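Please study the structure below and then work through the exercises that follow. Each task is followed by a solution in steps.

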Amino acid sequence: MNNQNTPVHINLWHKDFWLIALTHLFLSVSVYMFIPVLPLWLLGRGTYTFVHVGHMLFAFTGGLWLLGAFCSYLVQRYRRNVVCVMSIFLLIISTLTLHYEPILSRLFPEVPVVELLRLLSGACFGLAQMVLGSTLINDTCESFLRTEANHSASWFQRFSLALGPLLGIVVYSLPVGFDGVLLVSSAFAVAAALLILSVHFPFRAPDESVKRVSLDRFFLPHSFPLYLNLLPVIITVGLLLSLNTTVLFYCMIMCGFLLALVCQRFVFPNADLRSEVVSGLILLLCAILLYRFVQVQTVYYVAPLFIGVAYGLIGARFLLYFIRLSKHCQRGTAQSTYMLVCESGLFLGMGIGYGMFGEDSISALNLCMCLVGVSLLLYHFYVHQWFISHKNR
């Protein structure tokens with residue numbers, strides 16, 4: 001099949017699915033609020049440099065992978081919704097502890113306090129997202145609706161990439177400052193936990209034979225070409241996020257997401273399967289070229305709009321690629337793999353942007369052009385045909 005459309009079933013949108021979809025939104029908003037704010041706060045302290053900010057973002061990226069190998073054991077051995085709620089609870093603690101970072105840094109001057117707290121936050125966020133995507137979202141719908149459920153829930157999380165930073169910038173600009181961001185972020189995380197607890201999940205007897213460490217619900221090894229193709233694209237988006245911390249930028253990103261959603265429904269439903277990814281990569285390259293070579297006010301409206309459309313089209317299509325590549329009972333693993341490439345790519349890209357380039361936006365944009373160019377060539381000449389030959393659904 002050379003084209004693909006995701007059907008819409010009204011039966012999917014029942015109360016439990018809405019609650020879990022909103023959980024995706026609230027949990028991601030609580031974390032993404034810190035994308036523009038935490039670097040600004042650290043650099044404003046005067047004791048941290050761009051390199052320190054980069055290390056903090058790399059620590060969060062590493063944390064995303066820290067507990068993944070234990071995900072299958074935890075959700076099989078314990079109540080899966082409880083595992084997710086406990087992860088969110090630990091995320092809230094690590095978030096609120098940032099309030100005491102100045103005190104902890106003075107008490108333990110040799111300890112990288114911020115890096116450790118962000119490592120813990122990344123681990124908790126990564127585990128919560130894996131449980132949500134690989135288990136809870138699938139448990140709220142019939143088996144024939146799960147692809148649509150995964151696709152729809154991913155859009156809620158995608159919207160949070162615009163809404164979270166936008167909310168963070170607004171709250172940070174108020175008199176409450178960074179403490180207000182901590183409280184609002186924690187409130188969204190609490191709301192996410194309450195939504196999970198309000199959904200009924202049937203009891204399943206613990207599986208005593210499950211391995212403590214496994215790739216199940218964590219990483220899909222045979223999807224590596226997809227992972228390798230998508231990662232540079234997401235790193236590019238992360239690099240661009242590190243260069244822009246304005247309200248206008250994230251408002252236009254949100255407009256781009258909405259436009260991508262409309263395009264998916266009305267422009268690409270019967271188009272060639274590769275059209276969304278190729279179109280998205282070209283739009284992303286156009287946005288980078290605008291930032292790099294054009295110095296007019298219109299760029300600050302058009303370029304982030306292109307970024308939003310590109311990320312929406314590419315992200316949604318690659319999610320379906322990962323799902324279609326998975327074998328029987330590997331849907332959850334495909335979901336986790338996709339989540340890891342998106343989340344780690346974003347924070348890795350921001351870490352590179354702050355830690356390696358600092359205020360050198362020209363070099364960062366040059367790297368972005370190279371990454372997108374390589375991804376476009378890799379997809380067009382290898383990955384797409386490889387996917388067609390290896391897909392299972």
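## Exercise 1: A salt bridge between two helices

In this predicted model, a salt bridge joins Asp-139 and Arg-80, with the closest N and O atoms 2.5 Å apart. Determine which helices this pair links, and classify Asp-139 and Arg-80 as buried, partly exposed or exposed.

**Solution.**

Step 1. Locate the partners. Asp-139 belongs to helix α7 and Arg-80 to helix α5, and the two are 59 residues apart, so the pair links distant parts of the chain.

Step 2. State the cut-offs. A residue is buried under 20% relative accessible area, exposed over 50%, and partly exposed in between.

Step 3. Apply them. Asp-139 has a relative accessibility of 22% and is therefore partly exposed. Arg-80 has a relative accessible area of 4% and is therefore buried.

## Exercise 2: Two further salt bridges

State how many salt bridges are counted. Then describe the pair Glu-101 and Arg-45 and the pair Arg-274 and Asp-272.

**Solution.**

Step 1. Give the count. There are five salt bridges.

Step 2. Examine Glu-101 and Arg-45. Their side chains form a salt bridge with an N to O distance of 2.5 Å. This pair also links distant parts of the chain: Glu-101 is in helix α6 and Arg-45 is in helix α2 (residues 34-45), 56 residues apart.

Step 3. Classify both partners. Glu-101 is buried, because its relative accessible area is 0%. Arg-45, at 30% relative accessibility, is partly exposed.

Step 4. Examine Arg-274 and Asp-272. Their closest N and O atoms are 3.5 Å apart, and the pair forms a salt bridge. Arg-274 has a relative accessible area of 27% and is therefore partly exposed. Asp-272, with a relative accessible area of 39%, is partly exposed as well.

## Exercise 3: A buried charge without a partner

Describe the surroundings of Glu-115, and state which side chain of opposite charge is nearest to it.

**Solution.**

Step 1. Locate the residue. Glu-115 lies in helix α7, which covers residues 113-139.

Step 2. Look for a partner. Glu-115 is buried but has no salt bridge. The nearest side chain of opposite charge is that of Arg-118, 9.6 Å away.

Step 3. Compare with the cut-off. A salt bridge requires the nitrogen and the carboxyl oxygen to be within 4 Å.

Step 4. List the contacts. Apart from neighbours within four places in sequence, Glu-115 is in contact with His-52, His-55, Met-56 and Ala-59.

## Exercise 4: The nonpolar core and a nonpolar patch

Identify the residues with the most contacts inside the largest nonpolar core, and then find which residues make a nonpolar surface patch of about 580 Å².

**Solution.**

Step 1. Recall the tendency. In soluble globular proteins, nonpolar side chains tend to be buried together.

Step 2. Describe the core. The largest nonpolar core contains 135 residues, and those with the most contacts inside it are Ile-88, Leu-230, Leu-241, Phe-257, Phe-318, Leu-346 and Phe-347. Helix α13 (residues 299-325) contributes the most to this core, with 15 residues.

Step 3. Follow one member. Not counting residues up to four places away in sequence, Phe-347 touches Val-31, Tyr-32, Ile-35, Leu-57, Phe-60 and Thr-61.

Step 4. Turn to the surface. The patch is made by Tyr-100, Ile-103, Leu-107, Phe-108, Val-111 and Leu-116. Tyr-100 sits in the loop between α5 (80-96) and α6 (101-107). Its relative accessible area is 46%, so Tyr-100 is partly exposed.

## Exercise 5: Residues distant in sequence

Find how far apart the C-alpha atoms are for Gly-353 and Gly-238 and for Phe-50 and Ile-352.

**Solution.**

Step 1. Consider Gly-353, in helix α14 (residues 331-357). Its C-alpha atom is 7.7 Å from that of Gly-238, although the two are 115 residues apart along the chain. Gly-353 is buried, because its relative accessible area is 1%.

Step 2. Consider Phe-50, in helix α3 (residues 50-66). The C-alpha atoms of Phe-50 and Ile-352 are separated by 10.0 Å, and the residues are 302 apart along the chain. Leaving out residues up to four places away in sequence, Phe-50 touches Leu-43, Tyr-354, Gly-355, Gly-358 and Glu-359.

Key. Residues are numbered from 1 along each chain as its sequence is written. This is a predicted model: local features need pLDDT of at least 70, side-chain atom pairs count only at pLDDT 80 or more; totals for chains, interfaces and linings use all residues. Side-chain values use heavy atoms; hydrogens and water are left out. Patches are made of residues with over 30% relative accessible area and no salt bridge: like charges are joined within 9 Å, nonpolar side chains (Val, Leu, Ile, Met, Phe, Trp, Tyr) within 5 Å. Accessible areas come from the Shrake-Rupley method with a 1.4 Å probe; for residues, only the protein chains shown count as cover. Helices (H or I, at least four residues) and strands (E, at least two) are DSSP runs, numbered from the N terminus. Buried means under 20% relative accessible area, exposed over 50%, partly exposed in between (1.4 Å probe, protein chains only). A nonpolar core is a set of buried Ala, Val, Leu, Ile, Met, Phe, Trp, Tyr and Cys residues joined through side-chain atoms within 4.5 Å. Contact means heavy atoms within 4.5 Å. Lys and Arg count as positive and Asp and Glu as negative; His and the chain ends are not counted.
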